[in-house]
Amino acid sequence: MGEKSINIRLNKALGQNFLKSDRVSRRIVESVELNPSTTIVEIGVGSGSLTSILLEKGYRVIGFEIDTRFSEGNRRLEGERCELRYEDFLKADLSTLPDSVTYVANIPYYITSPIIERIMFDGPSFDRAVLMVQKEYADRLTATPRTKEYGILTVNVNTFSEVRELFQVSRKEFIPQPEVDSMVIELSLLENPPIGEARRDQYRKFVRHCFSQRRKKLKNNLKSIVDSPEELLGSMAIGVDVRAEELSVDDFVSLFKNIYPEGGV
């Protein structure tokens with residue numbers, strides 16, 4: 001059964017949009033295709049519709065849910081293979097999670113970026129993350145240079161992971177019905193990312209700095225960290241009048257390594 005079967009008034013402040021039936025949830029679980037011994041970390045358990053299907057397939061589940069009103073109804077799920085934590089995932093101690101988990105979540109739009117950044121940069125290593133996000137957000141993650149969707153998030157996520165769109169979900173599948181459709185995406189961490197873990201945060205700050213004044217030419221944004229940005233860009237065969245949104249992920253990696261060589265100051 002879907003979330004419509006619960007007798008709880010949905011909380012608009014928490015971005016609660018629940019699926020009408022378990023059809024989409026089953027498709028999400030089928031797209032995971034993991035060893036049954038895998039631990040799934042579910043973000044936003046709700047009334048446990050998706051959790052039930054994950055348990056049915058034999059997975060171990062650690063679920064996070066910020067709305068404690070679901071706790072009584074979800075007691076039927078808890079046991080040896082299911083631990084539910086009623087706390088904010090964004091504030092939780094993720095060091096208690098095992099390594100090599102798989103994340104599954106239907107993410108409220110207003111906290112999509114913080115959750116993805118938490119998964120990728122603050123939590124333990126993971127095999128993959130299967131996430132349902134609003135389609136416009138998926139478009140940002142898969143955007144190409146010189147498009148309005150391409151930005152900080154696109155570059156940072158794609159530097160360290162592969163992003164794949166799995167399937168689209170109509171807005172009609174939800175209660176209450178949102179204004180846009182959703183997309184189920186998969187994030188898979190790269191085995192050998194071009195930036196090592198020790199320099200990951202520095203790289204992310206660098207990318208943010210490059211986009212700090214999006215409509216300005218990149219050389220202007222670089223003036224505070226490079227003595228002669230025009231000379232640097234020219235030496236890398238990058239146009240001196242280029243804007244950050246025109247650079248590929250590879251360009252950002254090369255530029256970062258030129259400005260901040262490993263072992264340098």
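In the predicted model, Asp99 is in contact with Pro124 and Ser125, leaving aside residues up to four places away in sequence. Asp99 belongs to the loop between β4 (82-85) and β5 (101-106). The relative accessible area of Asp99 is 57%, which means that the residue is exposed, since the cut-off for that class is over 50%. The C-alpha atom of Asp99 is separated by 38 Å from that of Gln213, a residue 114 positions away along the chain.

The loop between β4 and β5 also holds Phe89, which pairs with Tyr103 of strand β5 across 14 residues of sequence. A pair of aromatic rings is described by the distance of the centres and the angle of the planes. For Phe89 and Tyr103, the centres are 6.1 Å apart and the planes stand at 80°, so the arrangement is edge-to-face. This follows because an angle over 60 degrees counts as edge-to-face. Both partners are shielded: Phe89 has a relative accessible area of 4% and is buried, and Tyr103 is buried at 0%.

A second edge-to-face pair is formed by Phe121 and Phe160, with ring centres 5.6 Å apart and planes at 85°. Phe121 is part of helix α3 and Phe160 of helix α5, so that the pair links distant parts of the chain, 39 residues apart. Phe121 is buried, with 8% relative accessibility, and Phe160 is likewise buried, with 5%. The two rings also take part in a cluster in which ring pairs link Phe121, Phe160, Tyr203, Phe206, Phe256 and Tyr260. In total, 11 aromatic pairs are found in the structure.

Two of the cluster residues, Tyr203 and Phe206, are among the buried residues of helix α6, together with Arg200, Arg204, Val207 and Cys210. These residues span an arc of only 160° around the axis and therefore lie on the same side of α6. The packing partners of the buried α6 residues are α3 (112-121), α5 (152-160), α7 and α9. Arg204 lies over the face of Phe121, at a distance of 3.9 Å from the ring centre. A further charge-over-ring arrangement involves Arg27, whose charged end sits 4.0 Å from the centre of the Phe167 ring.

Salt bridges number 15 in the structure. One of them joins the side chains of Glu173 and Arg23, with an N to O distance of 2.1 Å. The two residues come from distant parts of the chain, 150 residues apart: Glu173 from the loop between β7 (161-169) and β8 (174-175), and Arg23 from helix α1 (residues 23-32). Glu173 has a relative accessible area of 17% and is therefore buried, as the limit for this class is under 20%.

Asp241 takes part in two salt bridges, one with Lys217 at 3.4 Å, N to O, and one with Lys219 at 3.3 Å, N to O. Asp241 is located in the loop between α8 (229-235) and α9 (249-259), whereas Lys217 is in the loop between α6 (200-210) and α7 (218-222), so this bridge ties together parts 24 residues apart in sequence. Lys219 belongs to helix α7, so its bridge to Asp241 connects parts that are 22 residues apart. The residues vary in accessibility: Asp241 is partly exposed, with a relative accessible area of 42%, and Lys217 is partly exposed at 30%. Lys219, by contrast, is buried at 16% relative accessibility. Elsewhere, salt bridges that share partners join Asp22, Arg26 and Glu56 into one network.

Notes
Residues numbered from 1 in each chain as written. Predicted model: local features only at pLDDT ≥ 70, side-chain atom pairs only at ≥ 80, totals over all residues. Heavy atoms only, no water. Salt bridge = Lys/Arg side-chain N within 4 Å of Asp/Glu carboxyl O. Helix = DSSP H or I, 4+ residues; strand = E, 2+ residues; numbered from the N terminus. Buried < 20%, exposed > 50% of the residue type's maximum accessible area, 1.4 Å probe, protein only. Contact = heavy atoms within 4.5 Å. Arc of directions from axis to C-beta. Phe/Tyr/Trp six-rings, centres within 6.5 Å; stacked < 30°, edge-to-face > 60°. Lys NZ or Arg CZ within 6 Å of the ring centre and 35° of its normal.
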